[in-house]
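Grab the structure below and keep a viewer open. Here comes a set of exercises, each with a solution that goes step by step.

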Amino acid sequence: MAPKTGEMLHLRGNALNAGDPVALPLTQSSMYHLPGGTDGLPTYGRVDNPTWLHLEHVLAHLEEAPCLTFPSGMGAISAALFATLKTGSRLLIPSDGYYVTRVLADRFLSGLGMSVTERPTTTFTEGGFDGFDVVFVESPSNPGLDMLDLPAIAAAVRAAGGITIADNTTLTPLGQRPLELGIDVVVSSDTKAMAGHSDLLMGHVASRNAQIMERVEEWRRVSGAIPGPHEAWMLHRGLETLDVRFERMCSSAQVLAERLADHPAVKQIRYPGLTGDPSHALAAAQTARFGFLLSITLETEEKAETFINACPMLRPATSFGGVHSSAERRARWGDDVDPAFIRLSVGCEPVEELWQAIETSLNAL
Ligand SMILES: *Cc1c(COP(=O)(O)O)cnc(C)c1O
């Protein structure tokens, strides 16, 4: 079921008293006034903050599950992994997903006595899931946009006694609902489309498993990986327009993908919304929208650089999901892709204006 974003916009309003501010107040305080008893009161800024609390209320509405926020996507991913793993645990992660998750596993989790196995997204189910305590998935994978059969994997991992964590950053809860598909825990970098304006980092963990969420909350309180109230306030404001931004971004991505597929400068294109795309069938079955990320491979690295840097409507930047379209060659970070492979994040520009800028720059190569 799609989350009701209209109801989300009025969550706060419908609980107000006369004279309350309609917009969410930003509470920037480490201390609370606590004369005597502390029962049920906020205690200290590492434990409670009314601005986060309301943000988490809104996120929980979007995810239809309890949510906890973190100061970045990696903060959320670390919390989910530290809450579910211990020495001796076996973790399975994609070899072609967001690369910092692999660095975390390799540089920290392995050193604490957890065993980490990597598999490519396209052959992720080969070898089964027996013996894995935690299976971490990313679908579509970033940047390859390959997809996994999430209901099948969730069921197989559960039958084998493990739990599943899905990184849902690229599609947001409006595009894909992993918890409905049987996944145990969702993690997200809200730095991307959720916040949407490329001006903050945040992340969240969502799960209907109360024990896991208790551990995640304990991890946050004890490790100190708490979001700043100002960032929480800004993310809340971004979420108020997520629906319109995401709708525009995904519809424009479909239009651009269809036109790019026919452009002679484009050697290869990946977009799950194209009927010929290897991810199309899974995307059609599992997602509400095909997303705002697409990739194109041009003829050479030089042409790819020229295109990205010369197009007046593409920010040459890493990261994605902002209101302004952006693009980069992923090989520059060591992703295992063609040197001329470009990940393109479609923003909120009117699509014809955007297409004209992209087409002109491609024609000039
Ligand atoms: C960006 C990203 C992250 C990390 O998020 P930060 O907010 O940068 O810490 C994790 N997963 C995916 C898929 C991402 O794109």
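## Exercise 1: Backbone oddities

Glu-64 sits in the loop between helix 2 and strand 1 (67–70); helices (H or I, at least four residues) and strands (E, at least two) are DSSP runs numbered from the N terminus. A quick word on ground rules: this is a predicted model, where local features need pLDDT of at least 70, side-chain atom pairs count only at pLDDT 80 or more, and totals for chains, interfaces and linings use all residues. Residues are numbered from 1 along each chain as its sequence is written, and side-chain values use heavy atoms, with hydrogens and water left out.

**Task.** Find what is unusual about phi of Glu-64 and of Thr-172, then say how accessible Glu-64 is and how accessible Thr-172 is.

**Solution.**
- Step 1: Glu-64 is not a glycine, yet has a positive phi of about 50 degrees.
- Step 2: its relative accessibility is 31%, so Glu-64 counts as partly exposed. On this scale, buried means under 20% relative accessible area, exposed over 50%, and partly exposed in between (1.4 Å probe, protein chains only).
- Step 3: Thr-172, also a residue other than glycine, has a positive phi near 65 degrees. Thr-172 belongs to helix 6 and is buried, with a relative accessible area of 1%.

**Task.** Which residues are joined to Pro-140 and Pro-143 by a cis peptide bond?

**Solution.**
- Step 1: for Pro-140 the partner is Ser-139, with omega about 0 degrees.
- Step 2: for Pro-143 the partner is Asn-142, with omega about 10 degrees.
- Step 3: place them. Pro-140 is in the loop between strand 4 (134–138) and helix 5 (150–159), and Pro-143 is in the loop between strand 4 and helix 5 too.

## Exercise 2: Around the ligand

**Task.** Which of the 13 residues around the ligand come nearest?

**Solution.**
- Step 1: pick them out: Gly-73, Asp-167, Ser-189, Thr-191 and Lys-192. A residue is near a molecule if one of its heavy atoms lies within 4 Å of it.
- Step 2: check the polar contacts (a pair of N or O atoms within 3.5 Å; within protein, one must be able to donate a hydrogen and the other to accept it, and residues adjacent in sequence count only if both atoms are side-chain atoms). A side-chain N or O atom of Ser-189 is 2.8 Å from a ligand oxygen atom. For Thr-191, a polar side-chain atom lies 2.6 Å from an oxygen atom of the ligand, and for Lys-192 the distance from a side-chain N or O atom to a ligand oxygen atom is 2.7 Å.
- Step 3: follow Gly-73 into helix 3 (residues 73–84), which has 12 residues. Gly-73 is one of the buried residues there, along with others including Met-74, Ile-77 and Leu-81. Since 11 of the 12 residues are buried, helix 3 is largely enclosed by the rest of the structure.

## Exercise 3: Domains and core

**Task.** Where do the domain bounds fall, and how many residues does each domain put into the contact?

**Solution.**
- Step 1: the domain assignment gives domain 1 (5–239) and domain 2 (242–363); such bounds come from an automatic or database assignment.
- Step 2: their C-alpha centres lie 26 Å apart. The contact (heavy atoms within 4.5 Å) takes 31 residues from domain 1 and 32 residues from domain 2.

**Task.** Which residues touch the most other members of the largest nonpolar core?

**Solution.**
- Step 1: among the 30 core residues, these are Leu-55, Leu-62, Met-194, Leu-235, Leu-239, Leu-242 and Phe-292. A nonpolar core is a set of buried Ala, Val, Leu, Ile, Met, Phe, Trp, Tyr and Cys residues joined through side-chain atoms within 4.5 Å.
- Step 2: trace the suppliers. Helix 2 (50–63), helix 8 (229–239) and helix 9 (242–261) each supply at least two residues, and helix 2 gives the largest share, five residues.
- Step 3: compare with the domains: this core draws at least three residues from each of domain 1 and domain 2.

## Exercise 4: A buried arginine

**Task.** Is Arg-329 buried or exposed, and which side chain shares a polar contact with Arg-329?

**Solution.**
- Step 1: Arg-329 lies in strand 11 (residues 326–329) and is buried, at 8% relative accessible area.
- Step 2: its side chain makes a polar contact of 3.4 Å with that of Glu-301.
- Step 3: not counting residues up to four places away in sequence, Arg-329 touches residues including Ala-304, Ile-308, Pro-339 and Phe-341.

Methods. The expected span of a helix is 1.5 Å times one less than its number of residues.
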